[in-house]
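The following exercises concern the fold and residue environments of one protein chain. Each task is followed by a solution in steps.

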Amino acid sequence: MGYVCLHCGKKFKELGHGFIRCQYCGYRVLAKERAPIAREISTN
Ligand SMILES: [Zn+2]
């Protein structure tokens, strides 16, 4: 799972804890990329 930049539309993985920023344009408004599943599957 990663993030999608709402400015340039590029996808990338999480950089670290807390502070997340687009690696390409530096934009700080990002959308979390979700897996296309309808139901959650408990793996714990
Ligand atoms: Zn960007």
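**Exercise 1. Identify the bridge partner of Cys 5 in β3, and place this bridge in the sheet.**

Step 1. Cys 5 is bridged to Leu 30 in β3. Strands are DSSP runs of E with at least two residues, helices are runs of H or I with at least four, and both are numbered from the N terminus.

Step 2. Strand β1 covers residues 3–5, and three bridges connect β1 to β3 in an antiparallel manner. Two strands count as paired if DSSP finds at least two bridges between them.

Step 3. The open sheet has three strands in the order β2-β1-β3, with antiparallel pairing. Its edge strands are β2 (11–12) and β3 (30–32), each of which pairs on one side only.

Step 4. The protein contains zero helices and three strands, and its elements follow the succession β-β-β from the N terminus.

The model is predicted: local features require pLDDT of at least 70, side-chain atom pairs count only at pLDDT 80 or more, and totals for chains, interfaces and linings use all residues. Residues are numbered from 1 along each chain as its sequence is written.

**Exercise 2. Determine whether Arg 28 is buried or exposed.**

Step 1. Arg 28 lies in the loop between β2 and β3.

Step 2. The criterion counts other C-beta atoms, placed from the backbone, within 10 Å of the residue's own: 20 or more is buried, 12 or fewer is exposed, and in between is partly exposed.

Step 3. Arg 28 is exposed because it has 12 other C-beta atoms within 10 Å.

Step 4. Arg 28 and Cys 5 are separated by 23 residues in sequence, and their C-alpha atoms are 7.8 Å apart.

**Exercise 3. Describe the surroundings of Tyr 24 and state which residues it touches.**

Step 1. Tyr 24 also belongs to the loop between β2 and β3.

Step 2. Tyr 24 is partly exposed because it has 13 C-beta neighbours inside 10 Å.

Step 3. Leaving aside residues up to four places away in sequence, Tyr 24 touches Cys 5, Cys 8 and Lys 10. Contact requires C-beta atoms, placed from the backbone, to lie within 7 Å.

Step 4. Tyr 24 and Phe 12 are twelve residues apart along the chain, with 9.3 Å between their C-alpha atoms.

**Exercise 4. What percentage of the residues is buried, and how confident is the model?**

Step 1. Of the 44 residues in the protein, 5% are buried.

Step 2. The average pLDDT, the predictor's confidence in each residue from 0 to 100, is 80, and 70% of the residues score at least 70.

Step 3. Confidence is lowest in β2, with a mean of 87, and highest in β1, at 90.

Definitions and conventions. Contact = placed C-beta atoms within 7 Å.
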